[in-house]
Amino acid sequence: MNSSGFGKSVIVLLLIILCISSLMLVWALVSIPRQAEQRFGAPSENLSKLDQMWYGGQLLWYEEDLLTPVANATDVKEFEVRAGASANEVGLQLEKAGVIRNADAFRLFLIYAGLDTGLQA
C-alpha cells in the first residue's frame with residue numbers, strides 16, 4: 001500500500017471513530033436522563049438537559065449508595081439539625097450518624113430533584 005492509500009485508510013478510520021463517538025454521545029444524552037428518572041423520579045424543572053444528564057449520570061453511579069438501605073435501618077436514631085444548616089451540612093451529619101451511606105450522593109439527589117434550595121433546617 002502506498003502512502004496515499006494509507007492516508008485514505010487513516011481518514012476513513014477516523015471518520016468511523018467519529019461516527020461511533022457521535023452515536024454514543026446521542027445515546028448518553030437520551031439514555032442517562034431516562035434511566036435516572038426511572039430510578040430516582042423526575043428531575044427538577046430548573047435543570048437543563050445537560051444538567052439532567054450530568055446529575056442523572058452521577059446518581060446512576062451512586063445508585064447503590066442511594067437505594068440500598070443502611071444496615072440496621074430499622075433502628076431509631078435521634079438526629080438534631082442546627083438552624084440554618086445547609087443541605088450539604090445536613091448530608092454530612094446524616095452520613096456521620098449512619099443514617100445514609102454517602103453525603104455526596106445525597107446532595108446530588110437533592111440538586112437533581114430540586115430540593116437543595118428548599119431544604120430548611
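Here are some short exercises on the structure above, each with a worked solution.

This is a predicted model, in which local features need pLDDT of at least 70 and side-chain atom pairs count only at pLDDT 80 or more, while totals for chains, interfaces and linings use all residues. Residues are numbered from 1 along each chain as its sequence is written, and side-chain values use heavy atoms, with hydrogens and water left out.

**Exercise 1. Work out how the protein chain is built and how spread out it is.**

Step 1: Start with the elements. The protein chain has 5 helices and 0 strands, where helices (H or I, at least four residues) and strands (E, at least two) are DSSP runs numbered from the N terminus.

Step 2: Turn to the spread. The radius of gyration of the protein chain is 22 Å, well over the 14 Å that the globule rule gives for 121 residues, so the chain is more spread out than a compact globule. This radius is taken over C-alpha atoms, and the rule is 2.2 Å times the number of residues to the power 0.38.

Step 3: Add the box. Along the principal axes, the C-alpha atoms fill roughly 75 × 30 × 25 Å.

**Exercise 2. Find the residues of the largest nonpolar core and the helices that supply them.**

Step 1: Recall the terms. A nonpolar core is a set of buried Ala, Val, Leu, Ile, Met, Phe, Trp, Tyr and Cys residues joined through side-chain atoms within 4.5 Å. Buried means under 20% relative accessible area, exposed over 50%, and partly exposed in between (1.4 Å probe, protein chains only). Of the 121 residues, 24% count as buried.

Step 2: List the members. The largest core has 12 residues: A28, I32, A36, F40, L47, M53, Y55, L59, L60, L108, I111 and Y112.

Step 3: Assign the helices. At least two residues of this core come from each of α1 (3-40), α2 (49-61) and α5 (103-113).

Step 4: Look beyond it. Another core, of 7 residues, lies apart from this one, and A85, A87, L94 and L110 are among its members.

**Exercise 3. Where does G98 lie, and which residues does G98 touch?**

Step 1: Place the residue. G98 sits in the loop between α4 (87-96) and α5.

Step 2: Check its cover. With 24% relative accessibility, G98 counts as partly exposed.

Step 3: Find its partners. Not counting residues up to four places away in sequence, G98 touches V70 and K77; contact means heavy atoms within 4.5 Å.

Step 4: Compare a distant position. I17 is 81 residues from G98 along the chain, and their C-alpha atoms are separated by 46 Å.
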